[in-house]
Amino acid sequence: MIASLSRLKPRPISSVCALDPRGPGRMANDLDTSRRAVVSALGAGLAATAASSGSAGAEPAPRRIVGDPTTKYPKGPFPQQHQAYPGLASKMNPRPDHGETSYHGSGRLAGRKALITGGDSGIGCAAAIAFAREGADVAITYLPVEEPDAREVVALIQRAGRKAVALPGDLRSRDFCRQVVDGAASGLGGLDILVNAAGRQHSVDAIADLSDQQFDDTFKINVYALFYLCKAVLPHFKAGAAIINTTSVEAYDPDPNIIDYAATKAAIMNFTKSLAKQVGKKGIRVNAVAPGPVWTPLQISGGQSEEKLKKFGLDTPLGRPAQPAELAPLYVVLASDENSYSTGQVYAAVGGRGGP
Ligand code: NAD
Ligand code: MG
């Protein structure tokens with residue numbers, strides 16, 4: 001089922017999820033992150049976008065303060081928590097930072113039209129916010145139970161002055177994947193970027209306990225849907241269009257408790273490289289992002305055991321997990337036509353351990 005925006009009214013901006021802008025490790029839900037603070041920060045972001053995407057000779061953007069990457073975000077131990085799959089970012093503690101108050105665009109995707117699967121939360125959400133602030137219209141997919149998160153993202157895309165299309169449904173269905181591509185193309189008036197960010201990860205220690213159903217579902221969501229979507233989107237794509245898949249550090253350095261998931265991420269990495277060779281002559285680029293540990297609903301809804309979650313990301317050289325906002329720049333650069341010679345590549349943000 002394709003939902004039009006008239007059915008999906010954005011919630012007030014007061015519910016936007018964000019880490020507290022006053023400092024690293026401050027949690028929005030512990031502090032008074034007021035509606036005014038978020039709105040004014042967003043306003044500043046939009047003002048910066050408008051200024052930086054203006055004509056040549058405009059004032060340079062204010063100098064950014066460069067922070068220490070080891071202390072920029074919380075490092076844990078994280079409060080014990082579990083949500084039923086797929087989980088909501090808006091109910092996580094601390095709430096993930098998707099770049100709501102921090103991402104400043106500079107017109108790098110002006111006029112582009114992007115479909116982002118799993119754009120309601122986590123890495124897909126961060127890419128959706130960044131793409132909109134870079135000037136792209138954005139369609140997102142998500143599961144119907146994730147509508148509260150999706151409404152916030154739709155509101156943020158619209159606040160950036162861009163068109164948003166919301167497409168709830170289950171990507172295990174080939175028919176839904178086809179509907180999604182058609183719905184995004186007709187809703188946005190074209191399509192030239194596909195980001196495959198939807199995915200499922202469920203931790204199971206022993207192969208004896210890994211059910212056939214889980215193995216099947218993990219491949220259906222992570223690999224089959226990506227295949228259906230790439231196949232359906234290519235007839236819409238002209239030279240200059242880009243596909244960005246989401247693989248993982250798990251494709252290179254798999255953990256023993258997620259063997260089905262790690263195998264799908266290796267498949268995605270490989271699929272990316274062969275599809276890039278196939279469509280290169282048409283001027284279509286296909287790349288992938290390989291994240292390391294990122295604080296998202298996927299991890300607290302069965303992706304990790306509660307024990308592992310407490311120490312999540314601590315064993316990386318940077319000593320903490322990433323926030324989704326830290327992945328968004330990779331999706332932007334891979335989508336941007338400034339990066340026109342990169343195809344069949346995997347760009348990683350793994351905190352210094354594993355990866356390509
Ligand atoms: P997330 O839970 O925020 O996003 C995953 C999204 O997948 C969900 O929001 C949901 O909309 C979608 N999804 C799941 N099952 C679906 C189904 N049956 N039909 C339709 N949509 C479905 O988590 P995230 O970590 O941001 O995940 C985004 C991508 O990043 C995934 O591909 C994941 O494998 C990858 N990744 C995540 C990490 C990490 O540590 N979080 C690390 C490496 C790679
Ligand atoms: Mg989600």
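**Figure 1. A network of salt bridges links Lys113, Asp137 and Arg162.** The view is taken from a predicted model. Lys113, Asp137 and Arg162 are joined to one another through this network. Side chains of opposite charge can pair when their charged atoms come close. A search of the whole structure finds 11 salt bridges, and further examples appear in later figures.

**Figure 2. The chain in overview.** The chain comprises 356 residues, of which 53% count as buried. Its secondary structure consists of nine helices and seven strands. Among contacts in the chain with a separation of 6 or more, 78% are accounted for by residues 24 or more positions apart. The chain exposes about 15,400 Å², and carbon and sulfur atoms supply 54% of that area.

**Figure 3. Ligand 1 is surrounded by 30 residues.** The closest of these residues are Tyr85, Ser121, Glu146, Tyr261 and Thr296. Three helices, α2 (122-133), α6 and α7 (297-303), each supply at least two residues of the shell around the ligand. Helix α7 gives the most to this shell, with three residues.

**Figure 4. Polar atoms of Asp120, Leu171 and Gly199 lie beside atoms of ligand 1.** For Asp120, a polar side-chain atom lies 2.8 Å from an oxygen atom of ligand 1. Leu171 takes part through its backbone: one of its N or O atoms is 2.9 Å from a nitrogen atom of ligand 1. A backbone N or O atom of Gly199 lies 3.1 Å from an oxygen atom of ligand 1. Taken alone, ligand 1 exposes 800 Å², and the protein buries 99% of that area.

**Figure 5. Lys265 is buried yet has no salt bridge.** This lysine is found in helix α6, which spans residues 259-279. The nearest side chain of opposite charge belongs to Glu250 and is 11 Å away. A polar atom of the Lys265 side chain does, however, lie 2.8 Å from the backbone oxygen of Thr246. Leaving aside residues up to four places away in sequence, Lys265 touches Asn222, Thr246, Thr247, Ser248 and Ala251. Thr246 therefore appears in this view both as a residue touched by Lys265 and, because a polar contact is a pair of N or O atoms within 3.5 Å, as a polar partner of its side chain.

**Figure 6. Arg151 and Glu147 meet in a salt bridge within helix α3.** The N to O distance between the two side chains is 3.1 Å. Both residues lie in helix α3 (residues 147-159), four residues apart, which is about one turn of the helix. Arg151 counts as partly exposed because its relative accessibility is 25%.

**Figure 7. Glu307 forms a salt bridge with Lys310 in helix α8.** The closest N and O atoms of the pair are 3.4 Å apart. Helix α8 covers residues 306-310, and the two residues are three apart in it, about one turn of the helix. With a relative accessibility of 29%, Lys310 counts as partly exposed.

**Figure 8. The side chains of Glu326 and Arg320 meet in a salt bridge.** Their N to O distance is 2.7 Å. The relative accessibility of Glu326 is 24%, so this residue counts as partly exposed. Arg320, in contrast, has a relative accessibility of 5% and therefore counts as buried.

Terms used. Residues are numbered from 1 along each chain as its sequence is written. Chains are lettered from A and ligands numbered from 1 in the order in which they are written. This is a predicted model: local features need pLDDT of at least 70, side-chain atom pairs count only at pLDDT 80 or more; totals for chains, interfaces and linings use all residues. Side-chain values use heavy atoms; hydrogens and water are left out. Buried means under 20% relative accessible area, exposed over 50%, partly exposed in between (1.4 Å probe, protein chains only). Lys and Arg count as positive and Asp and Glu as negative; His and the chain ends are not counted. A salt bridge is a side-chain nitrogen of Lys or Arg within 4 Å of a carboxyl oxygen of Asp or Glu. A polar contact is a pair of N or O atoms within 3.5 Å; within protein, one must be able to donate a hydrogen and the other to accept it, and residues adjacent in sequence count only if both atoms are side-chain atoms. Contact means heavy atoms within 4.5 Å. A residue is near a molecule or strand if one of its heavy atoms lies within 4 Å of it. Accessible areas come from the Shrake-Rupley method with a 1.4 Å probe; for residues, only the protein chains shown count as cover.
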